[in-house]
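Colleague: I should be grateful for a close look at one part of this structure, namely the packing of one pair of helices. Please set out how the two are arranged, and then place that part beside the rest of the fold.

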Amino acid sequence: MITREVLDILPETIKKEVTGNSYSEKIQEIRIKVNKPLIFVGNNGEIKTNYISKLDDVKNIIQRISSYSIYAFEEELRQGYITIQGGHRVGICGTCVLDGQTMKTIKNISSLNIRVAKDIKGCADFILPRIVKDDNVQNTIIISPPKCGKTTLLRDLARQISNGKGSKLTGKNLTIVDERSEIAACYRGAPQMDVGVRTDVLDNCPKSEGIIMAIRSMGPQVIICDEIGTYKDMDSIVAALNSGVNVITTIHGFNEEDLFKRPVFKEIIENKVFKKAVILSNRRGIGTVEYIYDFTNGKIERAVEL
Amino acid sequence: MIKGLGIILIVGASTILGFYFGDKFKRRLKELKELQRGIYVLKSEINFTRSLLPDALEKVHEKCDGIIGDIFLKAAQLLNTNEEKDVYSCFTQSINERKGELSLTQSDLGIFLDFTKSLGEVDILGHNDMLGLALDSLSKAIEDAENNLDKNVKMYRYLGFSFGAMVGIILI
């Protein structure tokens, strides 16, 4: 659903296109490319409009999302996106400027992809009781291909674990290490999504450093982070476990075999660091839980659609 | 009696006029120094806290007195509307609204407006260079204003009184 925050960053011409149609409620992405038709992406595919976006439209949006302060978004530009109020994310493409081998900034910005953020409260209802044992959150890894709802699920897990769920689960101190500002969708440091009352967010922070920082400074009982995959990430996860902190994280993949195949995960698999793996797909729509794999006994629990 | 009163009035009015024109040099110096202080605050807001430009300009307003502070605040308000084309047009509009009250010269305003042309559109290093250049130019303008102050304030005051006295003598 297009919110006021998204409309506020759009120039009048594009705003008219967005609001003046019947499908505006279903828009998930607005794709703007210089001299190309404006495209909306919704649940049921894309809609190509007759409006041809201009360079001024792109410039105008960039000025609005950065509050005329592009210098304050150098790090975000390096990563190719800026998160706006409401947690919506604007992906940016143009000419990349390199400083040696590292990305410095993007100039000649020519296309934007505005992704509308949304909370799906309750999408973790099925999974939560299966990863909680005796009021303890078990170390869990969520495995799924892109666009299958990993981050949305992670966000709802964070909210429910942090708030607690009656007598079955008391609220836990939780830290989200949000390297790409996707889980809590922070804007000026404040989470724009409901991630729970006991949740602290380390925004824009590398996972390996963030996990250690959180353990030292915030005393979390649970740490949540997205898309692990380097040896440094594994070291910090092991450090968290050694400190008695439970971890919920995600990786890109199709099933637990992807975890077994990749050498980087060898050590944590051998040491049975993770107790549960949640396998997601979009077979019956985004967020389909295929099954939950139990690392301790190799059992699979089939699931239903979220 | 009436003649005497008229002469006193003329001498008094021309002396006040002399003081007013003399004080314009003082006001220019004060405004230049406020502007210099504002740019220093802006530089540190951009460099160290990476504040968004509207927030940084509001901070400048808090730290600067008088019209100069108000100009920064108005520019921040215009930026917050998200309707303006760029930062330069916000400052141009903001300055134009208060131009009648300013004692800055056209060249001083040129220094002010020049640095706003790329404000917010370049990286931190670019801002450092740009604001550094503006501060250098302002230092020279302040030096010039101080020289003019020494030379002209007394001159205008004496001139005002002398002109009034001269008219008075002619009338006698």
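Modeller: In this predicted model, α1(B) and α6(B) are roughly antiparallel to each other, because angles over 145 degrees count as such and their axes cross at roughly 175°. Helix α1 covers residues 2-49 of chain B and helix α6 covers residues 124-171 of chain B, and their axes come within 9 Å. Sorted by class, the residues in the contact of α1(B) with α6(B) are 29 nonpolar, 14 polar and nine charged.

The second helix of the pair deserves a separate description. With its 48 residues, α6(B) reaches 66 Å from its first C-alpha to its last, which is close to the 70 Å expected at 1.5 Å a residue. A kink of about 35° is nevertheless present in α6(B), and Leu149(B) is at its centre.

Chain A offers a sheet for comparison. Its six strands form an open, antiparallel sheet in the order β3-β2-β1-β6-β5-β4. The edges are occupied by β3 (45-52) and β4 (81-83) of chain A; each has a single partner strand, so one side of each lacks a neighbour in the sheet. From one strand to the next, the twist averages 35°. At one edge, β4(A) is joined by three bridges to β5 (residues 89-99) of chain A, and the two run antiparallel. Ile82(A) has Val90(A) as its bridge partner in β5(A). Helix α3 (residues 55-65) of chain A lies across β1, β3, β4, β5 and β6 of chain A, and runs at about 105° to β6(A).

How values were computed:
Residues numbered from 1 in each chain as written. Chains lettered and ligands numbered in written order. Predicted model: local features only at pLDDT ≥ 70, side-chain atom pairs only at ≥ 80, totals over all residues. Heavy atoms only, no water. Axes fitted to C-alpha atoms, helices over the stretch in contact; angles between N-to-C directions. Helix = DSSP H or I, 4+ residues; strand = E, 2+ residues; numbered from the N terminus. Parallel < 35°, antiparallel > 145°, perpendicular 65-115°, else oblique. Nonpolar A, V, L, I, M, F, W, Y, C, P; charged D, E, K, R; others polar. Expected span 1.5 Å × (residues − 1). Bend = angle between axes of the 7 residues up to and from the residue. Pairing = 2+ DSSP bridges. Contact = heavy atoms within 4.5 Å.
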